[in-house]
Every structure is written in C-alpha cells, then in structure tokens.
Amino acid sequence: MATNYVSCPNCHSQNPANFQTCTNCGTMLPISPMPMQPMPQYGAQKLPGADKKIAAGICGIVLGGLGIHKFVLGYQQEGIIMLSVYLVSIVIAMVTCGIGTPLVLVTTVIGIIEGIIYLTKSDEEFVQTYVLNKKPWF
Ligand SMILES: [Zn+2]
C-alpha cells in the first residue's frame with residue numbers, strides 16, 4: 001500500500017498524509033492534497049425552458065398557422081393573434097372562393113419558419129431568446 005507524505009511547513013520533515021500535526025515539531029500540517037473534485041458540468045444540467053424548444057419547433061412546423069407553438073412558449077397574445085389571423089384567412093379564402101387562400105399559407109409559412117428557427121437554435125440561444133427575452137416573433 002503506497003503511503004502519501006506531507007511535508008511539514010515548519011521543519012520540512014515528512015509526515016504521513018493522514019496526520020494532522022507534524023510528528024517532529026507538532027506544527028499543524030497542510031491538508032493532504034485531495035483529488036480535484038470535478039466541476040459540475042454546465043451542459044449536463046437541463047436549462048430551464050430548453051425542453052420547450054422541440055415541442056414549440058414541432059408545433060410550429062406541423063400546426064403552422066394555428067399559433068400553437070406560441071402557446072407552448074407562453075406567448076398567449078401572439079398565439080391568439082396568429083390563430084385569429086389564421087381563422088380569418090380561412091373565412092376570407094372561403095368567401096372569396098379560394099382567391100384568399102394565399103393568406104392561409106402566409107400564417108402557415110410563418111409557423112413553419114419559426115418552428116425551423118427554434119429547432120436550429122442551441123438550447124442556450126433558445127432559452128436566451130425566447131424564454132428570457134420573450135422575443136415574440138421569429
Ligand atoms: Zn515539523
């Protein structure tokens with residue numbers, strides 16, 4: 001069994017590492033060198049809000065214009081605006097016998113673009129932009 005020694009700061013005699021005082025002069029010995037505690041990994045802990053990224057991204061792409069991804073992010077107002085615009089677009093499209101259909105596509109495309117933006121961001125960027133700064137659009 002290998003024994004570690006600690007050098008006495010007073011008389012420089014070698015003392016077993018588990019000794020607290022010098023066997024020669026009685027001076028308090030420095031604490032024996034401990035293996036460095038690994039620092040907690042920053043990336044290992046889940047960022048609060050980062051779990052919304054995938055959900056919001058997928059909702060944006062799949063449900064697009066319905067604005068569900070806005071609700072996922074906690075943007076009630078933007079979600080209601082988007083849903084209203086989407087529904088009004090559908091009504092306009094029906095009333096105009098399809099001429100207004102591109103309006104429906106606009107909100108759908110906005111949803112898809114926003115969903116892709118969410119998914120391409122890193123967790124840190126996503127939390128910074130949409131959870132902390134509450135960036136409402138894009
Ligand atoms: Zn000593």
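Cysteine 25 comes out as partly exposed in this predicted model, with a relative accessible area of 33%. Cysteine 11 is partly exposed too, at 28%. Both values sit in the partly exposed class because that class runs between the 20% limit for buried and the 50% limit for exposed.

These two cysteines belong to a metal site. The zinc ion takes its protein donors from the SG atoms of Cys8, Cys11, Cys22 and Cys25, which lie 2.2 to 2.4 Å from the metal. Angles among the 4 donor atoms run from 103 to 121°, and the site is tetrahedral. Read along the chain, the donors follow the spacing C-x2-C-x10-C-x2-C. Within this set, cysteine 11 and cysteine 25 link distant parts of the chain, 14 residues apart. Cysteine 11 sits in the loop between β1 (5–7) and β2 (14–16), whereas cysteine 25 sits in the loop between β2 and α1 (52–63).

Turning to the inside of the protein, the largest nonpolar core has 6 residues: Ala56, Leu73, Tyr75, Tyr118, Phe126 and Tyr130. Another core lies apart from it, with 5 residues that include Val6, Cys8, Ala17 and Cys22. Two of the names in that second core, Cys8 and Cys22, also turn up among the zinc donors. Back in the largest core, tyrosine 130 has quite a list of contacts once neighbours within four places in sequence are set aside: Leu73, Tyr75, Ile117, Tyr118, Lys121, Lys135 and Phe138.

Tyr118 also leads to helix α4, which covers residues 101–120. At 1.5 Å a residue, its 20 residues should span 28 Å, and the end C-alpha atoms are 29 Å apart, so the two figures agree. Which residues of α4 are buried? They are Val104, Thr107, Gly111, Glu114, Gly115 and Tyr118. These residues cover an arc of only 105° around the axis, so they sit on the same side of α4. Leu105 and Thr120 are exposed, on the face turned away from that buried side. The cover over the buried residues includes α1, α2 (68–73), α3 (76–95) and α5 (123–132).

Helix α5 is also home to valine 127. Is this valine buried or exposed? Its relative accessibility is 7%, so valine 127 counts as buried. Leaving out residues up to four places away in sequence, valine 127 touches Leu47, Pro48, Gly49, Ala50 and Leu132. Leucine 47 is 80 residues away from valine 127 in sequence, yet their C-alpha atoms are 7.5 Å apart in space.

Key
Residues numbered from 1 in each chain as written. Predicted model: local features only at pLDDT ≥ 70, side-chain atom pairs only at ≥ 80, totals over all residues. Heavy atoms only, no water. Donors = N, O, S within 2.8 Å, 3.2 Å for Na, K, Ca; no water. Tetrahedral: all angles 85-135°; square planar, octahedral: opposite > 155°, others 65-115°. Helix = DSSP H or I, 4+ residues; strand = E, 2+ residues; numbered from the N terminus. Buried < 20%, exposed > 50% of the residue type's maximum accessible area, 1.4 Å probe, protein only. Core = buried A, V, L, I, M, F, W, Y, C linked by side-chain atoms within 4.5 Å. Contact = heavy atoms within 4.5 Å. Expected span 1.5 Å × (residues − 1). Arc of directions from axis to C-beta.
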